[in-house]
Amino acid sequence: MTNITVFGAGAWGCALALHIHKTGANVRLWARNPSARLPSGAMPRLRDHPLPADITVSDTFPVTTDLSVVVIPVQHLASVLPHLPQAPVLLCCKGIEQTTLDFPLEILARVRPDLKGAFLSGPNFAHEIAAGLPAAAVIAATQHETAQHIAEPISSPLFRLYTSTDCTGVQLGGAAKNVIAIAAGATMGAGLGENARAALITRGLAETGRLATALGGQPATLSGLAGIGDLLLTCTSPASRNYRMGLALGQGSRKEEALTTLPGVAEGVTTASALLSIARRHNVHVPITETIASFLSGSLTLAQAQDKLLSRPPGFE
Ligand SMILES: NC(=O)c1ccc[n+]([C@@H]2O[C@H](COP(=O)([O-])OP(=O)(O)OC[C@H]3O[C@@H](n4cnc5c(N)ncnc54)[C@H](O)[C@@H]3O)[C@@H](O)[C@H]2O)c1
Ligand SMILES: O=P(O)(O)OC[C@H](O)CO
């Protein structure tokens, strides 16, 4: 039997542990604080799916495993990686490290160059995966064999795992969709309507495509699960923490206030400024990301953010 350890017992870590357990693997769950996982109020629908008794939950790092599935928010990823055993790693967090502007696979290469890594992304709400509802995602690795090797034991007819070698495009898609979801939520919260949100999602995809090209990724990846797939899900559903964050801001809440009512992490809040820095470094124009980063930092009000986007001259599509 394959031994798989899931590191991180938040919403996504618990859902992945449940799914992987159903594939027949022997699952261990590493939790920073085993008694405090899924704090009250977090993901109520996930609470309907308790972990089976044979999933061991512990705060002790295992010495061996066949696969490490790492589900720690991006800003804390580097602090957990040094403790991983020698085994391939599947990174499942979506964002960019603020201090270094590294994507998850770059963080792994920096902190644990001895470990093979892959990255999981796609339109996946934790509570639906926990409920065993059908879904699909993509696993990206530099070597296709690595992506296939990691996908094989955790893929199932209900969680279809496609593979890719475009690590840049898949990681960028996963990071950028959270920023665009904050913008989409703010658009709806401010009462600007569904036409405006659809335009914003489309132009958000366009700026992410420009950035993907500049970073050496493939724009076609953004037509896939990690691009438009995740944008569609995250920018249209109040089940998304990033969308809900935007919704609250659009309705006039302050950032700190909105953050305290969220059930879990909204990676887009820290990703916005990091994504903007990367875009500036590569001379790529990203008006939506720039506006959201300024809005989140407090240098633009909601009305100014709206004016800034609406006053841009429409160009050739
Ligand atoms: N929830 C989803 O539906 C979903 C789906 C796909 C991807 N993701 C991604 O997965 C990642 C985790 O999201 P989540 O929903 O599980 O978040 P969450 O807020 O529910 O849980 C985060 C977990 O990380 C742990 N953690 C935080 N700081 C830590 C540290 N310094 N050391 C060790 N552990 C720490 C917390 O204790 C908690 O268990 C994010 O990058 C998110 O974008 C989430
Ligand atoms: O709740 P969010 O906004 O972090 O989104 C969760 C997943 O990334 C959706 O694919």
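In this predicted model, the shell around ligand 2 takes its biggest contribution from helix H8, which gives three residues, the most of any element. The full set surrounding ligand 2 is Lys-94, Pro-123, Asn-124, Phe-125, Asn-178, Ala-181, Asp-230, Leu-233, Thr-234, Ser-240, Arg-241 and Asn-242. Two or more of these come from each of H6, H8 (225-234) and helix H9 (241-250). Sorted by class, the shell around ligand 2 holds four nonpolar, five polar and three charged residues. Domain 1 (3-164) and domain 2 (169-310) each provide at least three residues to the shell around ligand 2.

Ligand 1 has 26 residues around it, and those that come nearest are Gly-10, His-76, Cys-93, Ala-126 and Gly-264. Helix H1 (11-22) and helix H2 (74-80) each supply at least two residues of this shell, and H2 has the largest share, with four residues. The class count for the shell around ligand 1 is 14 nonpolar, eight polar and four charged. Because domain 1 and domain 2 both give residues to this shell, ligand 1 lies between them.

Helix H6, which has a part in the shell around ligand 2, also packs against another helix. Its partner is H12 (residues 287-297); H6 itself covers residues 167-189, and the two axes are 10 Å apart at an angle of about 70 degrees. Angles of 65 to 115 degrees count as roughly perpendicular, and H6 and H12 are therefore roughly perpendicular to each other. On the H6 side the contact consists of Val-179, Ile-180, Ile-182 and Ala-183, which meet Ile-288, Thr-289 and Ile-292 of H12. Six residues of this contact are nonpolar, one is polar and none is charged.

How values were computed
Residues are numbered from 1 along each chain as its sequence is written. Chains are lettered from A and ligands numbered from 1 in the order in which they are written. This is a predicted model: local features need pLDDT of at least 70, side-chain atom pairs count only at pLDDT 80 or more; totals for chains, interfaces and linings use all residues. Axes are lines fitted to C-alpha atoms, for helices over the stretch in contact, and angles run from 0 to 180 degrees between N-to-C directions. Angles under 35 degrees count as roughly parallel, over 145 as roughly antiparallel, 65 to 115 as roughly perpendicular and the rest as oblique. Two residues are in contact if their C-beta atoms, placed from the backbone, lie within 7 Å. Ala, Val, Leu, Ile, Met, Phe, Trp, Tyr, Cys and Pro count as nonpolar, Asp, Glu, Lys and Arg as charged, and the others, Gly among them, as polar. A residue is near a molecule or strand if its C-beta atom, placed from the backbone, lies within 6 Å of it. Domain bounds come from an automatic or database domain assignment.
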